[in-house]
Structures are given as structure tokens and as C-alpha cells.
Amino acid sequence: MDNNKLPNFLIVGAAKCGTSSLHNYLNQHPDIFMPTFTPEGLKVKEPRFLIKDKVQKRLPKGIWNYKDYKSLFNDVTNQKAIGESTVLYLYYYQEAIKNIKKYLGDNVKIIIMLRNPIDRAYSAYLFASRTSQENQNFKDALVNSSIRFNKDDTISPMILYKELGLYFDMVKSYMRSFSNVHVVIYDDFIKQTNIEVQRVFDFLNVNNYQINTNKIINAGGKKWDSGIMKNLLMGDNFLKNGMKILFPQNLRTFFKQELTKLFTSKAKNMSNSIKKELLQYYKKDIQSLEKLINKDLSKWQRI
């Protein structure tokens, strides 16, 4: 197995915890390589190859064979750290760990980003609500998401709002399987971004490097004000299909971004009653995680 041009580190999750921003910041370092495009010029954000059997039916985009996965790293030259980011590697940890060892070896460095699971669940819900995947209110979505997921094998795992935040078993398995695991807490990442990024550089054994951390990727907290515009822009319909024929992709993306800004606004805060329910759901897991990673997570246990 020739690993010279394959990842020696992975950002494995969790979803809605700042992983896209960290990916962008690391990609600015000259000694770090992370794929942005396939050799065919298609944008690739998350390869998902190492969990392909779990998500290929459920997610429209991904790299589904080893040859294509290897090709993502064709442009690696003399970079010291080679990585990729797929947030669902954390949730599907058993499949991911097995395939990391199979394709990349035992010495891969693992980066895990964790956020208060209550806030993470709501952020994931708001993200899903901006697409055609979610049309229920948050309370109903929490009750029904796992039922919907189990009934329909085309629904994204991202709607498992509660389950994706049960971090303890996931993190424990990575820490037992790999000798180099670095955990970043989202609160710290937001409060002192440059310090946390420099700590990741140290973990990857690359020199400190000044990067631009002003841009936040995939910022959330928005909701649609118009169901009609949501369906037109996010659903599969005649207007969207007609736009594909009439306009190039970059222009379609621009229109979509501008109209999304126009017809979305800041979402309301989560209700205290739902927060209390979620805290009861997560409390034991948070306490176990706190001991495992030796970090103070008391803020996560307060409403």
C-alpha cells in the first residue's frame, strides 16, 4: 500500500461544529494539502469514501471508488501533511475506522471538533430546514427524524439531530484505535480561532503560519421566510431544471446565494423546554466525554 500521496490526517467531524472553516484555514498552509477539486474540475468538499457503503444512497455527492479517491491527491508535491474532511466519519465510526486502517494505515492523525450537542442539533436542524429535507418544526423533527431515516434509505444522516451529538462512544473508539487524536472544542475555536488553528498546526507537526481566519464557512442560524421560495430554490422543479439549461453553474450559484439572502432571516432561539429535554438526553454522555477527553464541559450542562 503506497501511502505517499494519501491522507496522513483526517478531520472526522462532528457536523455543524466548524469543520468547514477549519478545513479552509488548514488549506491556506503551504505544508498542508487538502483536496478542493477532483481531477475533472468538480468541487469536492467531503469525499466520504471511507464510509461509502453507509451513505452512497443517502447523499448525492461523494467519491465512491478507491481510484477516484486516490486521484484527489494527485497534486500533492512536497506537503508534509495531507488530509481530508468528512464529518460523518465520526458518526459512522466503526465503518470509518475499519476503512482508515485498510486504506490509509494505522498512523493517521485524527482531528475531532465537538460542539455543545444541544446547539449542534439545532444548528443541524436549521441547516436541513434550508433544504428540501426538512419541513417540520424543531420539536416534531426531533421526535420523527430517526423514524423518517429508518423508513427511507435516501434521507441524509444529517437529519439525525439527536443521535449525531452522542459523542462519547465515537470519540472513545477513535482514541482507542489511533495514537494521535486531537479534539477541538467549538466554543474555544470560535473564541480564539487563531490559537486553536496554531494548536492544530502543532499537532500536524507543521510550522506556525499566519492565515486568514476572517471568513466563516457554512455559517448557520438562518430560516426561510417564504416556503414558496424555499421550494423553488431547493426542490426539484421545472424552474430549477430550466435554469440549468439557460445559465452556467457559476451564475446559478450566484442567483441562488443572493435569493437565499433575500428570503431568509435570523432564526428564533430554541425554546427552554426543548433545551431541558435535550440536556436530559445528553447529560450522561457529556459527563462521560468530559472525563474521556479531560476537558471542562460544564457549560454544556447549563441551560
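Tutor: A residue is called buried when its relative accessible area is under 20%, exposed when that area is over 50%, and partly exposed in between. The model we are reading is a predicted one, and every value we discuss is computed from it.

Student: Why is Asn180 called partly exposed?

Tutor: Its relative accessible area is 31%, and since partly exposed covers what lies between under 20% and over 50%, Asn180 is therefore partly exposed.

Student: Where does Asn180 lie, and what is it in contact with, leaving aside its neighbours within four places in sequence?

Tutor: Asn180 sits in the loop between α8 (167-177) and β5 (181-185). With those neighbours left aside, Asn180 is in contact with Val108, Lys109, Ile110 and Phe203, and its C-alpha atom is separated by 9.6 Å from that of Leu204, 24 residues apart along the chain.

Student: What makes β2 and β5 stand at the edges of the sheet?

Tutor: The open sheet has 5 strands in the order β2-β3-β1-β4-β5, with parallel pairing. In that sheet β2 (32-33) and β5 each have a single partner strand, so one side of each is left without a neighbour.

Student: How do you know that β1 and β4 pair?

Tutor: Two strands pair if at least two bridges are found between them, and β1 (residues 9-13) and β4 (residues 109-114) have 4 bridges, in the parallel sense; one residue to look for is Ile11, which stands opposite Ile111 in β4.

Student: Which helices lie across β1 and β4?

Tutor: Helix α1 (residues 19-26) lies across β1, β2, β3 (81-85) and β4, running at about 160° to β1, while α8 lies across β1, β4 and β5, running at about 165° to β4.

Student: What makes the meeting of Arg48 and Glu46 a salt bridge?

Tutor: The rule asks for a side-chain nitrogen of Lys or Arg within 4 Å of a carboxyl oxygen of Asp or Glu, and the side chains of Arg48 and Glu46 meet at 3.9 Å, N to O, so the pair satisfies the rule. By this rule the count comes to 8 salt bridges.

Student: Why do Arg48 and Glu46 count as buried or exposed?

Tutor: Arg48 has 16% relative accessibility and Glu46 has 14%; buried means under 20%, so Arg48 counts as buried, and so does Glu46.

Student: What can be said of Lys101 and Asp106?

Tutor: Lys101 forms a salt bridge with Asp106, the closest N and O atoms being 3.1 Å apart. Lys101, at 30%, is partly exposed, and Asp106, at 47%, is partly exposed as well.

Student: What does the salt bridge of Arg148 with Glu134 tie together?

Tutor: In this salt bridge the closest N and O atoms are 3.0 Å apart. Arg148 lies in helix α7 (residues 138-151) and Glu134 in the loop between α6 (117-129) and α7, so the pair ties together parts that are 14 residues apart in sequence. Glu134, at 1% relative accessibility, counts as buried.

Student: Which residues of helix α5 are buried, and what do they pack against?

Tutor: In α5 (residues 93-103) the buried residues are Tyr93, Glu95, Ala96, Ile97, Asn99, Ile100 and Tyr103, and the buried residues of this helix pack against β1, α2 (52-55), α3 (66-71), α4 (88-91), β4 and α8. Just after α5, Gly105 takes a positive phi of about 100°.

Key:
Residues are numbered from 1 along each chain as its sequence is written. This is a predicted model: local features need pLDDT of at least 70, side-chain atom pairs count only at pLDDT 80 or more; totals for chains, interfaces and linings use all residues. Side-chain values use heavy atoms; hydrogens and water are left out. Helices (H or I, at least four residues) and strands (E, at least two) are DSSP runs, numbered from the N terminus. Buried means under 20% relative accessible area, exposed over 50%, partly exposed in between (1.4 Å probe, protein chains only). Contact means heavy atoms within 4.5 Å. Axes are lines fitted to C-alpha atoms, for helices over the stretch in contact, and angles run from 0 to 180 degrees between N-to-C directions.
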